[in-house]
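This report is an introduction for a reader who has not met the structure before. It treats the internal cavities and then the interface between the chains.

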Amino acid sequence: MLGVVRKKMLGQSLLKIRPAVSVLRSYSSSAKHMTVRDALNSALDEEMSADQKVFLMGEEVGEYQGAYKISKGLLEKYGPERVLDTPITEAGFAGIAVGAAYHGLKPVVEFMTFNFSMQAIDHIINSAAKSNYMSAGQMSVPIVFRGPNGAAAGVGAQHSQCYAAWYASCPGLKVLTPYSSEDARGLLKAAIRDPDPVVFLENELLYGESFSVSDEVLDSSFCLPIGKAKIERVGRDVTITAFSKMVGHALKAAEILEKDGIDAEVINLRSIRPLDRSTINASVRKTNRLITAEEGFPQHGVGAEICASVVEESFAYLDAPVERIAGADVPMPYAANLERLAVPQVEDIVRAAKRACYRSVPLAAAA
Amino acid sequence: MALSYLRSSSSRSANLLRPLSSAASLRRPISTDTTPITIETSVPFTSHQCEAPSRSVETNPSELLTFFRDMALMRRMEIAADSLYKAKLIRGFCHLYDGQEAVAVGMEAAITKKDCIITAYRDHCTFVGRGGTLLEVFAELMGRQAGCSKGKGGSMHFYKKDSNFYGGHGIVGAQVPLGCGLAFAQKYSKDESVTFALYGDGAANQGQLFEALNISALWDLPAILVCENNHYGMGTAEWRAAKSPAYYKRGDYVPGLKVDGMDALAVKQACKFAKEHALKNGPIILEMDTYRYHGHSMSDPGSTYRTRDEISGVRQERDPIERVRKLILSHDLATEKELKDIEKEVRKEVDDAIAQAKESPMPEPSELFSNVYAKGLGAESFGADRKELRATLA
């Protein structure tokens, strides 16, 4: 009932209501902070404001203000023609969004989590990713599929999978994995402006985390390049690659390792496809040791690709075997202690780094 | 069970020979004459949740001649593709449309190039209807540079975006939500145009179709879902695949119309009606009762699940080209010889296009890596042996 009344009221006016984040735009010299949630919200807001063709579609993105409040305030500001609540039919609405992109619009499709993207995966791969190639350039698909990816807390096996490796294996897609608020703003803006289909993998547990942001990041023209990793921490002894939540873990691991005299270089991948192989290899050629960290299943994962790349390009520089830290090779359990064993912890990264530096002897494999 | 219409064919042919308007006693020039003629469709339309349009269709000599020529061209093109496939010049999949030409041709007569069409893999004739050339068709089928997708798509992936033809899709049913998305964009841009999303009786059971239809009805999208019911989903007859084969009714709350898909004028009338409806009231379903002479694809003889009698029966009683030929002759719009000359011309056009297509080279090896992205950002891509073959995507 409320929905009907609201729809009528919003039908006419497009009130410009300032998003909550505007209070941070004072351009003073004091350090500003922003949560990842606000970063994503402000990026969506600015891109929708700048380009009429951008619209948002997904379950609960409108009247509910977003299942995770990422789209808060956008329905009020842009109206129901540009912020669309869909039924719970991923295959249908993802297909509709791709069709709209064929015709020149710029859809941003929200999956409540990427687990549900599997319902729509044919449209992501066969309708979106491959179209520009199959049509020899006639049908570009400027669409963004975004939403939380990977494990949350206690949500069980069907709601915890990381899809980075699956999507990143497909030519024609771009796959981005923001970590900080700067990443979230810059990469989402880049994704929306990009003429190709982008899979934008957020993380539910990061939404509430606050990061400092410079004035440059807050400017509405801010954009990060797609395909470039960021060196979050410069180091000499071992390279740790990570993306999304694992970047935080890797940075904490680096602090612990520092106390043991190991100086770790932490690379925030930011982009899984295209993968910044040159930054990774340059780092490994400097440190000679590599740990890959990811949340997803280990077999055929992102770390496997990074390891192969380093073996192919920088074999002579490796002083130790490449170590992979990944989610456990099991469906995600519910019990808290088992979940803790299934998701990489900071100490896992620390232990692997020490192994790579020959500071500890690896345990024999258990049966 | 699938072909009860055969029994009423005798009354239909009687209708054809009885022109409703006063036939001109003088022969008029055939190609540009736009004097209106009214002709009745073979059968009345059957409707669901709406009032059917009249079965009296306005046409003119020029249009009927165009129908004849276009369908003859499409027919010849598909038959030639059959030979090329058997000569191994066409590889992989090849799904032929001969028998169904009236749907492509009748639809184009009712719409403009601002309206969008999207279909599945049986797309050669639909592409030609949208303005694609024979050279683009044959070159693409043979994987050559002059193909509409520069040889990179193949039979199932013809596109012509400048005429709002969006393919050409290999995944059964996927084109329907995509088509509803095109309609969404048309409404968003306030285009006053509509989208025709074509699918087969096999695809009609796909879940995503109902998902897209639900959203289209909720959001009043100008989407026209056209079921080209040729009564067989590959080798499975419709009664074996669908509990309810009344595809025009399957939209439930969405209105539908059942149309004789072998009658180009009926198709035109239905599409005109559907376009008006969709612009005002949102989605509508058209079920085209049609038939394919070939099997599902070139690897299917098409006779293990249907009788040869059935196929030849349809050819004799309901062929869309013969129907228009009889109309033209009975209304004295052209002589038999003139029509035969058109068929000869068309045959030559097809042969010339094939010869030209054969001259077109295969794509350059560097094309392996082109168009992966619209904006490559300098990303790397690799061949089978990445130390041997790699490229930077522009």
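## Cavities and chain interface

In this predicted model, the second largest cavity has a volume of about 40 Å³. Its lining consists of Val36(A), Leu40(A), Pro178(A), Tyr179(A), Glu202(A), Asn203(A), Leu206(A) and Tyr207(A). By class, six of these lining residues are nonpolar, one is polar and one is charged.

The structure holds three cavities of 30 Å³ or more, and the largest encloses about 60 Å³ of space. The residues that line the largest cavity are Asn149(A), Gly150(A), Cys162(A), Thr177(A), Leu201(A), Glu202(A), Asn203(A), Phe243(A), Ser244(A), Lys245(A), Met246(A) and Glu295(A). Two elements of chain A, β7 (198-202) and α10 (245-259), each contribute at least two residues to the lining of the largest cavity. Glu202(A) and Asn203(A) belong to the linings of both the largest and the second largest cavity.

The two cavities are set side by side below.

| Cavity | Volume | Lining residues by class |
|---|---|---|
| Largest | about 60 Å³ | four nonpolar, five polar, three charged |
| Second largest | about 40 Å³ | six nonpolar, one polar, one charged |

The interface between the chains is the next topic. How many residues does each chain bring to the contact? Chain A supplies 52 residues and chain B supplies 50 residues. The area buried between chain A and chain B is about 4,100 Å², and carbon and sulfur atoms give 61% of that area. On the side of chain A, the residues that lose the most area to chain B are Ile96(A), His103(A) and Tyr133(A), which together make up 18% of what that side buries.

Polar and charged pairs are also found between the chains. There are 23 residue pairs in polar contact between chain A and chain B, counting pairs with both residues at pLDDT 80 or more. The rule finds two salt bridges across this interface. Glu312(A) forms a salt bridge with Arg386(B), with the closest N and O atoms 3.1 Å apart.

Several elements of chain A give two or more residues to the side that touches chain B: β2 (54-58), β3 (83-85), α4 (90-102), α5 (121-129), α6 (131-134) and α12 (302-314). Of the elements on this side, α4(A) gives the most, with 10 residues. By class, the residues of the side of chain A that touches chain B comprise 22 nonpolar, 16 polar and 14 charged.

Key:
Residues numbered from 1 in each chain as written. Chains lettered and ligands numbered in written order. Predicted model: local features only at pLDDT ≥ 70, side-chain atom pairs only at ≥ 80, totals over all residues. Heavy atoms only, no water. 1 Å grid on protein atoms, 1.4 Å probe; cavity = no way out; pocket = protein on both sides within 12 Å on 5 of 7 lines; lining within 4 Å. Points joined across faces, edges and corners; volume = space filled by probe spheres on them. Helix = DSSP H or I, 4+ residues; strand = E, 2+ residues; numbered from the N terminus. Nonpolar A, V, L, I, M, F, W, Y, C, P; charged D, E, K, R; others polar. Contact = heavy atoms within 4.5 Å. Buried area = accessible area lost by both parts, 1.4 Å probe. Salt bridge = Lys/Arg side-chain N within 4 Å of Asp/Glu carboxyl O. Polar contact = N/O pair within 3.5 Å; in protein donor to acceptor, adjacent residues only side chain to side chain.
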